[in-house]
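Reader: Let's go through the interface here, then the fold of one chain. Keep it short, please.

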Amino acid sequence: MSTKKRKATLPHPHDSLLRTDRIPHIWCPGCGIGTVFGCVLTAIQKSGFPLDDVAMVSGIGCTGRMAGYLNLDSFHTTHGRAIPFATGLKLARPQSHVIVTSGDGDLFAIGGNHFIHAARRNMDLTIVCVNNFNYGMTGGQVAPSTPFGAKTTTSPFGNFEEPFNFCSLAAACGAVYVARWTALHIRWITDSLSEAMQKRGFSFLEILAPCPTSFGRRNKMRGAVDLLKFFHERSVVRNQIDPKDAVLDFNKHLVVGKFVDIERPTFLDNYQLINRRELGDWPALERQVPRPEKQAGG
Amino acid sequence: MVQKAVLTGSYFMNGDDACCEGAIAAGCRFFAGYPITPATEVAERMSERLPEIGGIFIQMEDELASMAAILGASWGGMKAMTSTSGPGFSLMMENISLGLCTETPCVVCNVQRAGPSTGLPTLVAQGDMMQARWGAHGHYEVIAISPSSPQEMFDFTIWAFNLSEQYRLPVIILADEVVGHMNERVVIPPADKIQVINRKKPSVPPSKYLPYRPDSDGVAPMATLGEGYHMHVTGLTHDQRGYPVMDDVAQEEMVNRLVQKVRKNADRIIRYETFFLDDAEVAVVAYGISVRSAKRAVAEARERGIKAGVVKLNTIWPFPEKMIRDLAGKVRALIMPEINYGQMVLELERCAGGLCLVRLVPHAGGAIIRPERILTALDAALKETA
């Protein structure tokens, strides 16, 4: 093998959105996070939003590293606190489109309380959860998403707990958009992301992703493609079904699809509604932020 | 009807309410908090006042979220604050550390009550002085200030915002239950008489902007959301670009910057006041509500012919090392009353460096320190050094 770096002759269509000086990334071979990240970048490009008005907030963990590679306003926060951080960010500048990307452990174990309350408030955020069924960054511990019986470094004899159904939880808490795909469903992920980003309110996307390094190798899905094959064989699309019936059963099937797409006033809609009612001529929240001239001399 | 932001006038107001008015006068337009005695009144007043002036109030699900939300709002371009008391302050430590690491201006008002644990929720203590300094993980410098009256709750909250904006860090107001709940005269000056400092903004275009390259004052200009700078903000150790770097060189550079921006500006940050100190043979060094006990004790001591004085610490952190060292060379003894079993007295002893006697007047919390106890300590210290 040559040690020479290959020079790219053509720019990658995502280059303008990447902090290319931070590549190579930290994700393992076979990991599904890069696929999801690619979908996020495509959805941002397709959205038509001014790029200065798009921001990403992530928590801690493998998926939490997404924000670090996005060449937009990007925030890598504390474990579990991406959603409350994003809440402050969004409310301070409502014209920004804030995407939260994080893992299952970050969003639903340590950050579970923040998730349910942000959904209840219908905070205008797009939440992308990459569910790899374990804590990848710390070497594969049991998570609130780990299937019953699956082996991890902290469930060496098999997981004796039942996992959450994140989509059902999100819907029950009031999310206005809920969808689940696997990392194989690239077009569906991108389409769902596009819809979710246009949606006003708390939208939630769960992407089942392979983690061969930590989860796969302890559960007889050691190869990078083993988990993808598994997703391919087991996933069934059931759009519009009640998300509580969208079961993830590793022995039978993994139900994916778009489950919820409803309208509900956002936190800021209701904040303005109540304040206008009580305080009369209430000021608009959107503040104009002066933009610097990008080409201006330093 | 949009109300005035600065309610110029003279009021009979409690400390928690005065804190809100100070925050608003300083430009705070975002508050995220969680109810907790004895700081609840701050959240209550903010929930009424911020909507009146077009700001954002949000009651979060806990103090972890409150602290995270004000960091987010600060990066969103707003001046932001939260308020809490001991148990909530403990929960905020995680994101105070993030705020220190990412150099995020914001204000945390801790209206202290007696602990440990749930302790005495409705009663006074000064037990979180060291938690403010060392409670969050990792190494850093903090700025913490301590008001003694509702008027100072107003004035010091403005000062806290100015410090946070100038030095880019969470500034902690170490109030206490008595100062928070006490009603006194609070004078709010005209808006144009209030000095308000805003964070430095970058003067270079995005292509030349390094988010963590400090100016000569040790503080980097701060771009915020949507301004086109596409900055990356992380709690990982980062370089001047804001990018994570996992080595000891980057760690050294970052921690050194976090520490030096406070240490090198300590003379500009530190404030204290002195009373009857010129000829004093013994000085009471106090902060917060205990200053008022100290002043009363010293007034009585003076009537009895004891040459006593008071040093009122307005800044707790950074601690006024030089002033204490000088003072320790001039007096026979330093007395510190505090509503804990000895926290700031450790700093006092360290800075006095053995040049004079240092004595603590402790109180476990639940009531303020009676002036007689300080008077007794003054007598005892003078006898001991006779």
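Reader: How many residues does the contact take from each chain?
Author: In this predicted model, the contact takes 39 residues from chain A and 45 from chain B; two residues are in contact if their C-beta atoms, placed from the backbone, lie within 7 Å. Residues are numbered from 1 along each chain as its sequence is written, and chains are lettered from A, ligands numbered from 1, in the order in which they are written. Local features need pLDDT of at least 70 and side-chain atom pairs count only at pLDDT 80 or more, while totals for chains, interfaces and linings use all residues.

Reader: Which element gives the largest share on the chain B side?
Author: α3(B), with 9 residues. Helices (H or I, at least four residues) and strands (E, at least two) are DSSP runs, numbered from the N terminus.

Reader: Which strands pair across the chains?
Author: β2 (residues 73-76) of chain A and β10(B) run parallel, joined by 3 bridges; pairing takes at least two bridges found by DSSP. His76(A) stands opposite Thr234(B) there.

Reader: Switching to confidence. What are the scores?
Author: ipTM is 0.98 and pTM is 0.96. For chain B the mean pLDDT (the predictor's confidence in each residue, from 0 to 100) is 97, and 99% of its residues reach 70 or more.

Reader: And the fold of chain B, how many helices and strands?
Author: Chain B has 13 helices and 16 strands. Its C-alpha trace spans about 70 × 55 × 40 Å along its principal axes.
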